[in-house]
Amino acid sequence: MAHSSSALLDVHSTESFPASEQQLAGSGLLVVIAPSVQDYEHLAAGVLEGAEVVVLRDDVDAIAQITEVLRTTQRRFQSLHLVTHGAPGRLQFSTGELSLNTLAEYPSQLAQWSHYLASDASLLLYGCQLASGDVGTLLLRKLQLISNLSVAAATQNVGCPLFD
């Protein structure tokens with residue numbers, strides 16, 4: 001796997017591999033993983049070939065890091081996948097959370113995301129029970145309005161049942 005880094009984050013790309021069906025399937029994906037996710041290295045290594053994987057730093061604001069990756073990349077990704085811990089209506093990062101209480105801190109950054117992605121891009125959020133209940137549904141609706149992206153998230157636990 002090719003590896004490069006910037007001041008804010010570690011970026012891993014599999015673009016140096018020869019083309020294959022699996023690589024083509026992953027070519028439009030940007031997968032962002034929080035280092036607080038157990039065995040995140042194993043998870044990052046298992047992402048489809050062709051996808052770009054970013055492991056967030058745990059000492060820099062996650063939303064700022066994601067915005068910087070999108071701003072500086074030369075690719076217009078079809079989908080942005082965020083993998084971290086969650087709870088109903090809360091996406092948890094090492095540096096804080098994205099929730100109804102913190103959404104007002106990031107409107108300009110979240111609004112920029114659609115400018116750096118493909119016109120019909122999706123935002124997929126992998127955090128346990130993020131979309132559960134009224135608070136989860138409301139967070140997703142607000143994220144969709146602010147980011148102008150199609151947003152999807154889990155209503156149940158995500159990942160290995162051993163860690164539930």
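## A partly exposed loop residue

With a relative accessibility of 46%, D39 counts as partly exposed; buried here means under 20% relative accessible area and exposed over 50%, with partly exposed in between (1.4 Å probe, protein chains only). D39 sits in the loop that links strand 3 to helix 2, and it has a positive phi of about 55° although it is not a glycine. Another residue of this kind is Q129, a non-glycine whose phi is near 55°. Q129 belongs to the loop between strand 9 and helix 5, and at 30% relative accessibility Q129 is partly exposed too.

Next to D39 in the numbering comes Y40, in helix 2 (residues 40-45). Y40 is partly exposed, at 22% relative accessible area. Setting aside neighbours within four places in sequence, Y40 has contacts (heavy atoms within 4.5 Å) with I33, A34, P35 and V55. Y40 and V55 are 15 residues apart along the chain, and their C-alpha atoms are separated by 8.2 Å.

## The model and its confidence

This is a predicted model, in which local features need pLDDT of at least 70 and side-chain atom pairs count only at pLDDT 80 or more, while totals for chains, interfaces and linings use all residues. Residues are numbered from 1 along each chain as its sequence is written, and side-chain values use heavy atoms, with hydrogens and water left out.

The chain has a mean pLDDT of 84 (the predictor's confidence in each residue, from 0 to 100), and 81% of its residues reach 70 or more. Residues 1-24 are a stretch to handle with care: the pLDDT there is below 50, although the stretch has 54 contacts in the model beyond near neighbours in sequence. Where pLDDT is low, the predicted coordinates should not be read in detail.

## Overall make-up

The chain holds 5 helices and 10 strands; these are DSSP runs numbered from the N terminus, with helices (H or I) of at least four residues and strands (E) of at least two. Of the 164 residues in the chain, 44% are buried. Among contacts between residues at least 6 apart in sequence, 68% join residues at least 24 apart.

## Strand 3 and its partners

How is strand 3 placed with respect to its two faces, covered or open? Both faces are covered, with L29, V31 and I33 buried on one side and L30 and V32 buried on the other. That agrees with the count for strand 3, where 5 of its 5 residues are buried.

Strand 3 (29-33) runs parallel to strand 5 and is joined to it by 5 bridges; two strands pair if DSSP finds at least two bridges between them. Here V31 stands opposite H81 of strand 5. Strand 4 is also a parallel partner of strand 3, through 4 bridges, and L30 has E52 of strand 4 as its bridge partner.

## An open antiparallel sheet

Three strands form an open sheet in the order 6-7-8, with antiparallel pairing. Strand 6 (85-87) and strand 8 (96-99) are at the edges with a single partner strand each, so one side of each has no neighbour in the sheet. From one strand to the next, the twist averages 25°, an angle between N-to-C directions of axes fitted to C-alpha atoms, on a scale from 0 to 180 degrees.

Strand 7 (residues 90-93) and strand 8 run antiparallel and share 4 bridges. Within this pair, F93 stands opposite G96 of strand 8.

After strand 8 comes a loop leading to helix 4, and T102 lies in it. T102 is buried, at 12% relative accessibility. A polar atom of the T102 side chain lies 2.9 Å from the backbone nitrogen of S99.

## Helices 3 and 4

The buried residues of helix 3 are A62, I63, Q65, I66, T67, V69 and L70. Their cover includes strands 3, 4, 5, 7 and 8 as well as helix 4. At the start of helix 3, a side-chain oxygen of D61 comes within 3.2 Å of the backbone nitrogen of I63.

In helix 4 (residues 107-116), Q109, L110, W113 and S114 are buried. Seen down the axis of helix 4, these buried residues fall within an arc of 155°, so they line one face of the helix; the arc is that of the directions from the helix axis to the C-beta atoms. An α-helix has 3.6 residues a turn, so residues three or four places apart point the same way. Among the elements covering the buried residues of helix 4 are helix 3 (62-72), strand 9 (122-126) and helix 5 (133-147).

Conventions:
A polar contact is a pair of N or O atoms within 3.5 Å; within protein, one must be able to donate a hydrogen and the other to accept it, and residues adjacent in sequence count only if both atoms are side-chain atoms.
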